[in-house]
There are 2 protein chains.
Amino acid sequence: MHSVTSSAGINRRVLISTAALLTALSGASIPSSAQTASSDGVLPSWNEGPARQAILDFVRATTDPSSPTYLPPEERIAAFDQDGTLWVEHPIYTQVVYCLDRVPAVVAKKPELRNVEPFKTVLSGNREAVARLPIRDLERILAATLTGMTVEEFHAEAKNWIGAAKHPRWDRPYTELVYQPMLEAIRYLRDSGYKTYIVTGGGQDFVRIYAGQVYGIPPEQVVGTAGGTTYGYAKDGTPILTKEPKLLLNNDKAGKPEGMHLMIGRRPVAAFGNSIGDRQMLEWTGGGGGARLRMLLLHDDAAREYAYGPASGLPDSKIGSFTPALYDEAKKKGWTVISMKNDWSRVFPFD
Amino acid sequence: MHSVTSSAGINRRVLISTAALLTALSGASIPSSAQTASSDGVLPSWNEGPARQAILDFVRATTDPSSPTYLPPEERIAAFDQDGTLWVEHPIYTQVVYCLDRVPAVVAKKPELRNVEPFKTVLSGNREAVARLPIRDLERILAATLTGMTVEEFHAEAKNWIGAAKHPRWDRPYTELVYQPMLEAIRYLRDSGYKTYIVTGGGQDFVRIYAGQVYGIPPEQVVGTAGGTTYGYAKDGTPILTKEPKLLLNNDKAGKPEGMHLMIGRRPVAAFGNSIGDRQMLEWTGGGGGARLRMLLLHDDAAREYAYGPASGLPDSKIGSFTPALYDEAKKKGWTVISMKNDWSRVFPFD
């Protein structure tokens, strides 16, 4: 299908899909048992198999009033990692692409950075040299491009970028590179009375910009890595919040349960991830009693997306690593591993 | 009315009132214009006057689809301070009473603190000496009683206390000392499609324990002062979150807009407060365009509750100070000052 892109860079199909999600949101949040008992028409991009069945069984177990593990609607909390779970994270995290793309604008405002590393290397356009930059340099780029402006300025800059930037492999906006089966899982859970959260190692302010449009998830349901802000005043006296280079919450690995406690204040009963960054989130989700759904997406589909592990003999990856140890733990604890290749009949909305 | 208290220390009237709030929650979130056009039956404990009218006008201006300041439901965010705005804060914040009451249990576990200040003074029961403790000592008591345990242990301890403790003046649970007109305002806004948040200088984990029952506000809609937690494991391997004496968010004064950005990610359009701790929250709420509701409760009713300012010639107060400068700013900026004495026909649900 050819991409029909509006002037704002938003694909119509995404808009239509989002409209459907929003319609679902505005309806009654408590489904009838008739709705929950039937799985006809739900999860159409999931092949019959243990992964699809795990979702159906979990929803029935927690929403059927006659189930011993029935949950009242207010306790139905589902958490989704973003990078590699809801959208493509290879060859590099989208937010890092944003930060690299913002470097010229930052240097234009602060010309003294032009010949200073790591900015000099980024400006050179030498991708291999950029890829070799040490973490410490990457952090300087993140701080320079994600902080120092008001929250409104950041919102406008990042929104503008996300509407225009395209992934090099598909030549489509990053917001189209979302996994259709996961959109269906989000929607099915929401239709079943679940409150759906994104719980991401990515920047909270960044993901909040498009999460409503892309996933139907409002800003207050995005838990992410967050820096502090400082309240102050513009020259005309208008109150402003300025983004500071001070880390409040590193929402990755053990930071995910910590972040969920801070932002949600209760334990999710369903959690979806894809890497070692999600291990503690799934573990914490399983810590309570009752029915639990814990799923990990394995990227084993080089043809339709990417193949990386190193679990299951797949190539190793610095980004979104799914280790053999994580795979073993999943099997041992009853976490469901989703095979992109075998469990999904369709990967993207545009497929 | 005599207090009918169950074994859990919860007054039936509060339960009934909460059930009504929850019923409102589960209904459709988008009201018909017929609902918003009529104010019959809403805000019954508010006397006719500018305060009640400000709420009615604001709701009409933001929910009537023909209004130029109409807001779609997802942008309807209302923020309520808690201490002194939703419930009684005198003679001392409820959470501080909790911390003082917990000192014997802390000392029982750590006997070496028995003869160490400030614990020694608290254990002495000398109220005047306790009242004279410097801030630094109070902070040590807060750290010793609010941190060091798992989030579940804290929840159980504080829930047990809040169900049993009583305010010395009314001899009733603190959770009954909520302002009936504010419960009605919360409910009216929620019935009008607003998402209602508590934005408190009090501890987020503390307020979350009873906010659902008392105000119909779920844990994820409580923004408060928050410390960090650390993810780890109990001896049996169960994952735990331990409350740490590390301040993440001081959700008071300028910290309120910062906290709302962190936790909600959008600017509220309505804000209710009562003291200098709420000034920046109201200012930030007013920073956007469109219709805005900003209200400050003035405690000018010594007969039914308390009288303190020092605004309007009322006695000065260390707790919940409403200064003449804040009063002047309110008048200048069109913030509505609610007179407890004149604007409320009823103060408490049990009146």
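Angles under 35 degrees between helix axes count as roughly parallel, a cut-off that comes into play in the first view. Every view below is taken from a predicted model.

**View 1. Helices H3 and H9 of chain B run alongside each other, roughly parallel.** Here we look at helix H3 (residues 50-63) and helix H9 (residues 180-191) of chain B, whose axes come within 11 Å and cross at roughly 10°. H3(B) and H9(B) are therefore roughly parallel to each other. The crossing of H3(B) over H9(B) is right-handed. To find the contact, look for Ile55(B), Leu56(B), Phe58(B) and Val59(B) on the H3(B) side, which meet Ala185(B), Tyr188(B) and Leu189(B) of H9(B). Sorted by class, the residues of this contact of H3(B) with H9(B) are 7 nonpolar, with no polar and no charged ones.

**View 2. In chain A, helices H8 and H10 cross obliquely.** Helix H8 (residues 151-164) and helix H10 (residues 204-215) of chain A have axes that come within 10 Å and cross at roughly 55°. H8(A) and H10(A) are therefore oblique to each other, and their crossing is right-handed. On the H8(A) side, the contact is built from Phe154(A), His155(A), Ala158(A), Lys159(A), Trp161(A) and Ile162(A). Facing them from H10(A) are Asp205(A), Phe206(A), Ile209(A) and Tyr210(A). The contact of H8(A) with H10(A) comprises 7 nonpolar, 1 polar and 2 charged residues.

**View 3. Chain B has its own crossing of H8 and H10.** How do the axes of H8 (residues 151-164) and H10 (residues 204-215) of chain B cross, and at roughly what angle? They come within 10 Å and cross at roughly 55°, and that makes H8(B) oblique to H10(B). The handedness with which H8(B) passes H10(B) is right-handed. From H8(B), the residues to pick out are Phe154(B), His155(B), Ala158(B), Lys159(B), Trp161(B) and Ile162(B). Their partners in H10(B) are Asp205(B), Phe206(B), Ile209(B) and Tyr210(B). By class, the contact of H8(B) with H10(B) counts 7 nonpolar, 1 polar and 2 charged residues.

**View 4. Chain B and chain A bury about 3,200 Å² between them.** How many residues does each chain bring to this contact? Chain B gives 37 residues and chain A gives 37 residues. Of the area buried between the two chains, carbon and sulfur atoms give 56%. Three residues are worth locating on the chain B side: Glu220(B), Tyr231(B) and Leu262(B) supply 20% of the area that chain B buries against chain A, more than any other three residues.

**View 5. Salt bridges span the interface of chain B and chain A.** The interface has 6 salt bridges, and the count over all chains comes to 36. In one salt bridge, the side chains of Glu152(A) and Arg267(B) meet at 2.8 Å, N to O. Glu152(A) lies in helix H8 of chain A and Arg267(B) in the loop between helix H11 (255-263) and strand S5 (270-273) of chain B, so the pair joins two chains. Another salt bridge brings together the side chains of Lys195(B) and Glu220(A), with an N to O distance of 2.8 Å.

**View 6. Two cis peptide bonds in chain B lead into Pro118(B) and Pro310(B).** Start with the bond from Glu117(B) to Pro118(B), which is cis with omega near 5°. You will find Pro118(B) in the loop between helix H4 (94-109) and helix H5 (119-124) of chain B. Then turn to the bond from Gly309(B) to Pro310(B), which is cis with omega near 20°. Pro310(B) sits in the loop between strand S7 (307-308) and helix H13 (324-333) of chain B.

**View 7. Asp171(A) has a positive phi.** Where in chain A should you look for Asp171(A)? Its place is the loop between H8 and helix H9 (180-191) of chain A. The phi of Asp171(A) is near 55°, a positive value in a residue other than glycine.

Terms used
Residues numbered from 1 in each chain as written. Chains lettered and ligands numbered in written order. Predicted model: local features only at pLDDT ≥ 70, side-chain atom pairs only at ≥ 80, totals over all residues. Heavy atoms only, no water. Axes fitted to C-alpha atoms, helices over the stretch in contact; angles between N-to-C directions. Helix = DSSP H or I, 4+ residues; strand = E, 2+ residues; numbered from the N terminus. Parallel < 35°, antiparallel > 145°, perpendicular 65-115°, else oblique. Left-handed = near helix turned anticlockwise from the far one by under 90°. Contact = heavy atoms within 4.5 Å. Nonpolar A, V, L, I, M, F, W, Y, C, P; charged D, E, K, R; others polar. Buried area = accessible area lost by both parts, 1.4 Å probe. Salt bridge = Lys/Arg side-chain N within 4 Å of Asp/Glu carboxyl O.
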